[in-house]
Structure formats: C-alpha cells, structure tokens
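Hello,

Here is the structure I promised to pass on. My notes follow below it.

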Amino acid sequence: LDLFNILGLDQSPLLVILSSSFFQVNTFYSSELKQISNIDNKIQSKSPYLPSDTFVELRNMSKKSNENKLIRTIYTKRQFIESWIDTLEILESPIIGITPSAPNVFDLLRNKISDDKIILIDIEITKSVVLIGKNSLELSSYKLPYGSSLYSSDINLSKNYFSRLINSLELILSEYEEKLPSCVYIYGKGLDDFSMINIPLPDGFRYLSEFDLGAYSYKPN
C-alpha cells in the first residue's frame, strides 16, 4: 500500500502473474467426462490436492462445431488463491485477474510456430515446469524437483542442469513412446541466472525471448 501511494498507482489495474510451479495443467476430451465441471470424478482425480482444497479453472479449447471438445483444466490450491484474493481486496485497486504464467505463454507461442509437438520449460529457482503440447491444443504440465539454484554458479554445473533436464524430458516422453522434438523452448527467472554466467545453450534449446510475445493491451470494458 505504501509503494502504491508513493508511485501513484492507487487506480492502476492489477494483473497478478503467479509462478508456474503453483499450478498443474491437464487436458481432457469432453467424451471422457460425465460433466464438464470441477466436481467431475475424472477431473478431480488429476488434482494434486484434496477435492475440498482444489481450485480448478476449466477452458474449452475447441471450436463450437467440434462435438468432442478439448477441455483444459488448471489446478491449484484453493487456500493459495483465496489468500491472494484477500490481499487484492485490501489493496482496493482495480483488478484484471490472477493467472499462472506458463499456460498463457504457451498459447502465445503456439500462435507463432506450427510444430505438432511443443515443449516449453519455465526454469524457476528451485523447480522446473515442463509443458508439453500436442496437436497445438492438448497441454499437460510436469514439475521437476530442481531449478537453477544448484547449477548457476559456474558453466560446468549449468551443463549438468541441461543434461539432467534432457534425461527428464526423455523419461516423460518415453511413457507415451515419443521422442524429443528438434527444439525445446525455455524461459523463466532461473534462466536469467544462467544467462548471468554467459553459458551457451545446448543444441535443441531456444530462448523464448527470440519471439515477440509481448504485444499486450488492456481494455477496461
């Protein structure tokens, strides 16, 4: 509140962009579900939290003419979202919303490239979040229990991070009998830490910053 007063931001609309590791993403076909609702048993079964403490956002990803629709579900902890809502109410500023980073970034990226399979990685400090998209719309996320913190002190350690990352990706894809695509896209705060020591990216990785994804606009109505 003090910062808002000093900077004159009292009436500036707020968009809270939260860490990808607080969320899990899955995609279902509507034919798999008894009802397109957060109380559907199959939707609930994919939540990493107890049903009573699960917040689910559902989004129809298919065209209206498609009977068997793709439904994207984004899970997070209900108490976590409610705590942010309480904070925003205290600030009493106009609110755009609360959103995870990675799914929105993925949707912007798939508008730029036409690959059948897209792998996007949000490198955080203590975790890495892998998003795998198929056929441009199906999307699933996976959390890896390591980020930049143990690997960003020198170039040799950073090489170990990417070797471990490649092994993790191959293990995830092996469950579906699939192979790594020719290119994996990376971004995130942890990547900034790697950039500070000027490490060369291994073959097959591309910076997300190479794409112009920042054309946002705000329309109050």
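**Helix 4 and the three-stranded sheet**

Helix 4 (residues 102–110) lies across strand 2, strand 3 and strand 4. Its direction runs at about 150 degrees to strand 4. Please keep in mind that this is a predicted model.

Those strands form an open sheet of 3 strands, in the order 2-4-3, with antiparallel pairing. Strand 2 (24–29) and strand 3 (54–60) are the edge strands, each pairing on one side only. From one strand to the next, the twist averages 25 degrees. Strand 2 and strand 4 (residues 70–77) run antiparallel and are joined by 6 bridges. Phe28 stands opposite Ile71 in strand 4. Helix 3 (residues 78–91) also packs on this sheet, where it touches strand 3 and strand 4. The direction of helix 3 makes about 75 degrees with that of strand 4.

**The five-stranded sheet**

The other sheet I looked at is open too, with 5 strands in the order 8-7-6-9-10 and mixed pairing. Strand 8 and strand 10 stand at its edges. Each has a single partner strand, so one side of each is left without a neighbour in the sheet. Here the twist averages 25 degrees from one strand to the next.

Strand 6 and strand 9 pair in the parallel sense, over 3 bridges. Leu120 has Tyr185 in strand 9 as its bridge partner. Helix 5 lies across strand 6, strand 7, strand 8, strand 9 and strand 10. Helix 5 runs at about 135 degrees to strand 6. Helix 6 packs on the sheet as well, touching strand 6, strand 9 and strand 10. Its direction makes about 75 degrees with that of strand 6.

**Helix 5**

Helix 5 covers residues 155–174. At 1.5 Å a residue, its 20 residues should span 28 Å. The end C-alpha atoms are 29 Å apart, which agrees. At the N-terminal end, Asp154 acts as the cap: one of its side-chain oxygens lies 3.0 Å from the backbone nitrogen of Asn156.

Which residues of helix 5 are buried? They are Ser158, Tyr161, Phe162, Leu165, Ser168, Leu169, Ile172 and Leu173. Seen down the helix axis, they fall within an arc of 125 degrees, so they line one face of helix 5. The general rule is worth recalling: an α-helix has 3.6 residues a turn, so residues three or four places apart point the same way. The buried residues of helix 5 pack against strand 6 (117–123), strand 7 (128–134), strand 8 (138–144) and strand 9 (184–187). They also pack against helix 6 (189–196) and strand 10 (205–207). The face turned away from the buried side carries the exposed residues Asn156 and Leu171.

**Two buried residues outside the helices and strands**

Leu208 lies in the segment after strand 10. Its relative accessible area is 9%, so Leu208 is buried, the cut-off being under 20%. Leaving out residues up to four places away in sequence, Leu208 touches Val105, Leu109, Leu120, Ile186, Tyr187 and Leu213. Leu208 and Leu120 are 88 residues apart in sequence, yet 8.6 Å apart in space, C-alpha to C-alpha.

Ser148 sits in the loop between strand 8 and helix 5. Ser148 counts as buried, at 0% relative accessibility. Neighbours within four places in sequence aside, Ser148 is in contact with Ile123, Glu124, Ile125, Gly190, Asp193 and Phe194.

Best wishes

Definitions and conventions:
Residues are numbered from 1 along each chain as its sequence is written. This is a predicted model: local features need pLDDT of at least 70, side-chain atom pairs count only at pLDDT 80 or more; totals for chains, interfaces and linings use all residues. Side-chain values use heavy atoms; hydrogens and water are left out. Two strands pair if DSSP finds at least two bridges between them. Helices (H or I, at least four residues) and strands (E, at least two) are DSSP runs, numbered from the N terminus. Axes are lines fitted to C-alpha atoms, for helices over the stretch in contact, and angles run from 0 to 180 degrees between N-to-C directions. Contact means heavy atoms within 4.5 Å. The expected span of a helix is 1.5 Å times one less than its number of residues. Buried means under 20% relative accessible area, exposed over 50%, partly exposed in between (1.4 Å probe, protein chains only). The arc is that of the directions from the helix axis to the C-beta atoms. A polar contact is a pair of N or O atoms within 3.5 Å; within protein, one must be able to donate a hydrogen and the other to accept it, and residues adjacent in sequence count only if both atoms are side-chain atoms.
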